[in-house]
Amino acid sequence: MMYAQTQGTYYIQLEDDVLSLQDYVRRIKDYAFEMEKAKRSWFVAEFCQLGFIGKMFHSSDLTYMIQFFTMFHNDRPADWLIDPLFETRFCPVDQKKCRAVKKNLWLRYKPSLFQHVGTVSSLKGKVQKLKDKAFGKLPLFIPHTNPAARVTTVIKAYKKHTIESVYLGVNFFWGLSPQEGDIISFKFTKPVKLKSYLVRSGNPEHPSDLLYNATVEVSASFKNSINLSSVSDGFLVIGRFDELGVAKGDVPEEIEEVYEFRLSIHSESKNWVIISEVSLEPR
């Protein structure tokens with residue numbers, strides 16, 4: 001906060017264990033410009049109802065806040081000091097009128113743009129399970145139109161969350177713990193010239209249900225020379241999942257027609273797996 005005093009017009013407090021709605025930066029900017037255009041006086045604009053998360057202030061107010069937090073940080077966490085700070089600054093005489101003052105100077109944006117997902121509290125021994133009920137709805141899967149294919153896997157699906165459903169863009173795939181050697185296969189009805197691929201695992205409600213040690217492989221025709229490794233059954237390895245559970249890339253131009261696209265899993269997973277997005281884009 002001390003560093004940020006001279007870095008911009010506004011300061012917003014965030015944490016590293018939150019989810020955010022799409023376009024949250026644009027929404028915050030638009031809201032701030034709207035308030036300035038209306039010449040609305042305010043002290044805090046709240047984009048999340050929990051704690052200190054998503055609270056925005058004018059940078060010109062940070063000096064006062066820093067002094068207040070420095071004096072009382074041993075007594076309370078910072079998020080518990082915001083209300084006393086407000087009352088000290090804006091309601092020093094008549095506490096009864098403070099509610100009306102706060103209604104004018106403490107703005108609340110809806111829906112909330114941030115949701116807390118962590119459970120570790122700054123208070124020793126406390127588990128933080130509170131959720132912001134005003135938080136907007138995040139999509140659990142992203143639909144795409146993909147080439148016609150027969151989709152199969154040995155990973156058992158949970159209820160209606162089948163691998164076919166994510167490929168068709170109607171739901172996300174949710175499977176029981178993948179094992180070493182498991183395969184998710186997309187065998188095209190007709191050979192396809194693929195331009196690029198994107199496979200995303202996990203979703204906002206279950207961010208740890210990811211594919212980690214897995215590769216992207218294709219059965220394809222190709223030009224005489226191609227600089228790609230292959231596995232025992234002739235499939236070419238064209239990519240792998242990163243630490244965020246995402247596999248994304250362009251299909252090498254040397255590959256002409258793809259007969260089958262598959263995901264090969266190389267180690268047992270402690271969690272279930274969610275695949276929330278599959279996009280196979282033809283050339």
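Against which elements do the buried residues of H2 pack? Exercise 2 works this out, after a few conventions and a look at the chain.

**Conventions**

This is a predicted model, in which local features need pLDDT of at least 70, side-chain atom pairs count only at pLDDT 80 or more, and totals for chains, interfaces and linings use all residues. Residues are numbered from 1 along each chain as its sequence is written, and side-chain values use heavy atoms, with hydrogens and water left out.

**Exercise 1. Describe the protein chain as a whole.**

Solution.

1. Secondary structure: the protein chain has five helices and 15 strands. Helices (H or I, at least four residues) and strands (E, at least two) are DSSP runs, numbered from the N terminus.
2. Extent: the C-alpha trace of the protein chain spans about 80 × 45 × 35 Å along its principal axes.
3. Radius of gyration: the protein chain has 25 Å, whereas a compact globule of 283 residues would have a value near 19 Å. The radius is taken over C-alpha atoms, and the globule rule is 2.2 Å times the number of residues to the power 0.38.
4. Burial: 44% of the 283 residues in the protein chain are buried. Buried means under 20% relative accessible area, exposed over 50%, and partly exposed in between (1.4 Å probe, protein chains only).
5. Surface: about 16700 Å² of the protein chain is exposed, with 52% of it supplied by carbon and sulfur atoms. Accessible areas come from the Shrake-Rupley method with a 1.4 Å probe; for residues, only the protein chains shown count as cover.
6. Contacts: among contacts in the protein chain with a separation of 6 or more, 72% are between residues 24 or more positions apart. Contact means heavy atoms within 4.5 Å.

**Exercise 2. Find the buried face of helix H2 and what it packs against.**

Solution.

1. Helix H2 covers residues 62–72, and its buried residues are Leu62, Met65, Ile66, Phe68 and Phe69.
2. Down the axis of H2 these buried residues fall within an arc of 165°, so they line one face of the helix. The arc is that of the directions from the helix axis to the C-beta atoms.
3. On the other side of H2, Thr70 and Met71 are exposed.
4. The buried residues of H2 pack against E1, E4 and H3.

**Exercise 3. Carry out the analysis for helix H1.**

Solution.

1. Helix H1 (residues 24–37) has 14 residues and reaches 20 Å from its first C-alpha to its last, close to the 20 Å expected at 1.5 Å a residue. The expected span is 1.5 Å times one less than the number of residues.
2. Ile28, Tyr31, Ala32 and Met35 are buried in H1.
3. Seen down the axis of H1, the buried residues fall within an arc of 95°, so they line one face of the helix. An α-helix has 3.6 residues a turn, so residues three or four places apart point the same way.
4. Phe33 and Lys37 are exposed on the other side of H1.
5. The packing partners of the buried H1 residues are strands E1 (10–13), E3 (44–46), E4 (55–58), E5 (106–108) and E6 (114–116).
6. Arginine 26 is also found in H1; at 44% relative accessibility, arginine 26 counts as partly exposed.
7. Just after H1, lysine 39 takes a positive phi of about 55°.

**Exercise 4. Which side chains make polar contacts with the side chain of glutamate 217?**

Solution.

1. Glutamate 217 is located in strand E11 (residues 214–222).
2. Its relative accessibility is 2%, so glutamate 217 counts as buried.
3. The partners are the side chains of threonine 215, at 2.9 Å, and serine 264, at 2.8 Å. A polar contact is a pair of N or O atoms within 3.5 Å; within protein, one must be able to donate a hydrogen and the other to accept it, and residues adjacent in sequence count only if both atoms are side-chain atoms.
4. Not counting residues up to four places away in sequence, glutamate 217 touches residues including Val231, Phe235, Arg262 and His266.

**Exercise 5. Compile the surroundings of asparagine 146.**

Solution.

1. Asparagine 146 lies in the loop between E6 and strand E7 (149–153), and is buried with a relative accessible area of 15%.
2. A polar atom of the asparagine 146 side chain lies 3.0 Å from the backbone oxygen of valine 278.
3. The side chain of asparagine 146 also reaches the backbone nitrogen of leucine 280 at 2.8 Å.
4. Beyond residues up to four places away in sequence, asparagine 146 touches Tyr167, Val278, Ser279 and Leu280.
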